[in-house]
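Some words used for a structure carry exact meanings. The questions below take such words one at a time and check each against the atoms.

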Amino acid sequence: MTVDTHCPYCSLQCGMTLAPAADGGAPDVLERTAFDVNRGALCGKGRTAPAVLDSAARLTHPLVRDDPAAPLRPATWPDALDRVAAGLARARDGHGADAVGVFGGGGLTNEKAYALGKFARVVLGTSQIDYNGRFCMSSAAAAGSRAFGLDRGLPFPLADIPRTGCVVLVGANPAETMPPALRYFTELRRSGGTLIVVDPRRTRTAEQADLHLAPRPGTDLALALGLLHLVIAEGRTDDAYIAARTTGWPAARAAAMAHWPELVERITGVPVPQLREAVALFCDPEAAMVLTARGPEQHAKGTDTVGAWIDLCLATGRPGRPYSGYGCLTGQGNGQGGREHGQKADQLPGYRLLTDPAARAHVAAVWGVDPGTLPGPGRSAYELLDALGAPGPDGVRALLLMGSNPVVSAPRAAHVEQRLRSLDFLAVADVVLSETAALADVVLPVAQWAEETGTLTNLEGRVLLRRRAVDPPPGVRGDLDVLRGLAERLAPARAPGFPVAAEEVFAELRRASAGGKADYSGITYARIEAEDGVFWPCPEGGEPVPRMFLDRFATPDGRARFAGVQHRPAAEETDAEYPVWLTTGRVLAQYQSGAQTRRVGELTAAAPGPYVQLHPELAARVGAAEGDPVAVVSRRGRAVAPARITAAIRADTVFMPFHWPGAGRVNTVTNPALDPVSRMPEFKVCAVRVEPAGE
Ligand SMILES: Nc1nc2c(c(=O)[nH]1)N[C@H]1C(S)=C(S)[C@@H](COP(=O)(O)OP(=O)(O)OC[C@H]3O[C@@H](n4cnc5c(=O)[nH]c(N)nc54)[C@H](O)[C@@H]3O)O[C@H]1N2
Ligand SMILES: Nc1nc2c(c(=O)[nH]1)N[C@H]1C(S)=C(S)[C@@H](COP(=O)(O)OP(=O)(O)OC[C@H]3O[C@@H](n4cnc5c(=O)[nH]c(N)nc54)[C@H](O)[C@@H]3O)O[C@H]1N2
Ligand code: SF4
Ligand SMILES: [Mo]
């Protein structure tokens, strides 16, 4: 029997059909053409995903450490869960509930994200929970909430892309990060629309653009203001729209007027004629879109940068018009749903705020607790990792981690690794022994995608059902099962509130989200199956909303708010000692920290390790030839990898992918400076020195 399901990896959540293998091994992947997002197309990661199900690296029994210096050894489930419960309880009893931390992930299903947030607040009573989505799209989420009163990554379906006139892709490389989505941009151009790509590198995506702007990393805010300046100077603002649908235009106008084209060319390195060309391409058509991804967002000013791009859209009357507007390309499999159901430090389910008394009362009633017992907001992801093991009243002494591998993926990773090592107790639930799991006192082996059912919300805000297609290996349990087992040990009276069946959890999630911004109360598994996904918000008895804001924005007065922000430099600027910009990102064949994709032979053959992408002029200055080991050194540390020399990158910038641990781990070098609003670290720019590392 074949089963229709979805890929384990990115937010495109490509549909696929799995068929049992003749030899009883991992299932075969068949095309699922009826699912319209990808129409059967998959990238190499999705196509090879079943290899992780029966990989030799798969964990199939719990592992425990008898003392901090002892190696991990196999243990039974009851023993492992007893140890986790005891480790968390010891920290709580000795130092208070906030001495226990929880770290989640945007790859977890909606049900798991919901249960994890509830577990932290109801069983542990801790405020100290956050997740890796903080490192992902949090700046776009903050800017979208500020401007529109609500954050749904794409407020329109992907199918609208070919129907618009121009798309500006800012710091997004879908040719490598979402290959099946490229067809939307190809169709756009085939039907006469244009594509502008903004990226310091001439990526595979930029190669397909009508216009490629290559700014210095960290200068997108100035670039957006420079474009808005020209829009104003050329009389291309939509004054009727500004008057009817927005507030805050005078400040935005003033910020743009202070960024005249020659100044913007000096800050960004983008020549004035290219700025003019971009404005013409963007303003001429009836409809146009700006889509951002991690390039402009992962900065200490990511929220304001996205705000400035939204201001450009608002001034030209784009958001809330057909086939127009601003969107963010969310990243992880459940990057959208993962930020709605309460695993975020400041959040309750339904995209509610922990600081809102009405939200607390509603969710507490669903959870059957007194609202006064719910903790307040906790620390953001990096701040939480930074507080691990710290002595004194504010330190977090024990951590439960599910769905992330921060030893590879967190900024200033050597420091984060040392913080993890200094914990009194660390428990990690994972499918393989990730670099982070390898540091744990207890490792819990869990089921993965095709072995369990659950919902995920894709980058369009469409809730999908990822169906179970195969049995998990014996010895493995689901994350929901883990939380239930821990609740039984830590707070037996609360354990019935942690069902193991995903559909039961979803039923409660629907009630908890009812009336919230991300309202799922009208969504059921049956409806998702019947409609191939349901767009939120979808209140009970209501209809899904594929296109948002057509009549009004989700702000109290129904108007969108201009950000009106000024440009500012990166948190760390280049100088004589560190004269080169470093930026980071992804390659086609590896996913995130690589914990899963590094176990797949075909993917590792295609992308075997890290590299330093640099321009021939910089290579000559450094004295590096193709393939030579070069060191990239910042104030935080050093990463070494072979040189990959190409004119496809700015001469003042080097790029490294972040998928690998060890000497080539670029996050040893990156800057944890945080955005004041989103608490996003500055992954996409820091100052480095590049030097030969070989003999
Ligand atoms: N193959 C693969 N696909 C993935 C993932 C993966 O790990 N591997 N991860 C998924 C996830 S979680 C995410 S978040 C998405 C991310 O998807 P993308 O955002 O497309 O990926 P990145 O490579 O991080 O960054 C995109 C581009 O930003 C550019 N950039 C760097 N600095 C700047 C800057 O200052 N300004 C501008 N304008 N651009 C800049 C980089 O050169 C890069 O080409 O991908 C998803 N898909
Ligand atoms: N330098 C640099 N660093 C970055 C970025 C960048 O662009 N540059 N991007 C950032 C971004 S956008 C992101 S999203 C993060 C991602 O970085 P991570 O948070 O490290 O993401 P993953 O590697 O996907 O980690 C997921 C872990 O959970 C495990 N896992 C998979 N499925 C399940 C499950 O169902 N349950 C449990 N318990 N475990 C599971 C996987 O095996 C893996 O070990 O990295 C960030 N780090
Ligand atoms: S594009 Fe994303 S969802 Fe689609 S197959 Fe590749 S990794 Fe999976
Ligand atoms: Mo991400």
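Ligand 1

Q: Which residues come nearest to ligand 1?
A: In this predicted model, 32 residues are around ligand 1, and Asp199, Asp220, Arg586, Gln590 and Gln592 come nearest.

Q: What makes the approach of glutamine 590 to ligand 1 a polar contact?
A: A polar contact needs a pair of N or O atoms within 3.5 Å. A backbone N or O atom of glutamine 590 is 2.7 Å from a nitrogen atom of ligand 1, so the pair qualifies.

Q: How do you know that glutamine 592 and arginine 294 make polar contacts with ligand 1?
A: For glutamine 592, a backbone N or O atom lies 2.7 Å from an oxygen atom of ligand 1. For arginine 294, a polar backbone atom is 3.0 Å from an oxygen atom of ligand 1. Both pairs therefore meet the limit of 3.5 Å.

Q: How much of the accessible area of ligand 1 does the protein cover?
A: On its own, ligand 1 has 910 Å² of accessible area, and the protein covers 99% of it.

Q: Why is the space taken by ligand 1 called a cavity?
A: A cavity is a set of points where a 1.4 Å probe fits but cannot get out, with the protein atoms alone considered. The space taken by ligand 1 ranks as the second largest cavity, so a probe placed there could not get out.

Q: Which parts of the chain supply the shell around ligand 1?
A: At least two residues come from each of α6 (174-177), α13 (294-297) and β23 (580-585). By domain, at least three come from each of domain 3 (138-333) and domain 4 (580-692).

Q: How do the residues of this shell divide by class?
A: The shell around ligand 1 has 10 nonpolar, 14 polar and eight charged residues.

Ligand 2

Q: Which residues come nearest to ligand 2?
A: They are Asn132, Ser404, Ser409, Asp430 and Ser593, out of 32 residues around ligand 2.

Q: What makes serine 404, serine 409 and threonine 584 polar partners of ligand 2?
A: Serine 404 has a polar side-chain atom 2.7 Å from an oxygen atom of ligand 2. In serine 409, a side-chain N or O atom is 2.7 Å from an oxygen atom of ligand 2. In threonine 584, a side-chain N or O atom is 2.9 Å from a nitrogen atom of ligand 2. The limit is 3.5 Å, so each pair counts as a polar contact. Taken alone, ligand 2 exposes 920 Å², of which the protein buries 95%.

Q: Where does ligand 2 sit, and which domains contribute to its shell?
A: Ligand 2 takes up the space of the largest cavity. Its shell draws at least three residues from each of domain 2 (63-133 + 334-449 + 476-508) and domain 4 (580-692).

Ligand 3 and two backbone details

Q: Which residues surround ligand 3?
A: Among them are Cys7, Cys10, Cys14 and Cys43, along with Gln13. The shell around ligand 3 has seven nonpolar, two polar and one charged residues.

Q: What is notable about phi of glutamine 13?
A: Phi is near 50°, a positive value in a residue other than glycine. Glutamine 13 is in the loop between β1 (3-6) and β2 (15-19).

Q: What kind of peptide bond joins tryptophan 536 and proline 537?
A: The bond is cis, with omega about 0°. Proline 537 is in the loop between β21 (534-535) and β22 (560-561).

Conventions:
Residues are numbered from 1 along each chain as its sequence is written. Chains are lettered from A and ligands numbered from 1 in the order in which they are written. This is a predicted model: local features need pLDDT of at least 70, side-chain atom pairs count only at pLDDT 80 or more; totals for chains, interfaces and linings use all residues. Side-chain values use heavy atoms; hydrogens and water are left out. A residue is near a molecule or strand if one of its heavy atoms lies within 4 Å of it. A polar contact is a pair of N or O atoms within 3.5 Å; within protein, one must be able to donate a hydrogen and the other to accept it, and residues adjacent in sequence count only if both atoms are side-chain atoms. Accessible areas come from the Shrake-Rupley method with a 1.4 Å probe; for residues, only the protein chains shown count as cover. On a 1 Å grid over the protein atoms alone, a cavity is a set of points where a 1.4 Å probe fits but cannot get out, and a pocket is an open set with protein on both sides within 12 Å along at least five of seven lines; lining residues have an atom within 4 Å of a point. A molecule sits in a cavity or pocket if more than half of its atoms lie within 2 Å of its grid points. Helices (H or I, at least four residues) and strands (E, at least two) are DSSP runs, numbered from the N terminus. Ala, Val, Leu, Ile, Met, Phe, Trp, Tyr, Cys and Pro count as nonpolar, Asp, Glu, Lys and Arg as charged, and the others, Gly among them, as polar. Domain bounds come from an automatic or database domain assignment.
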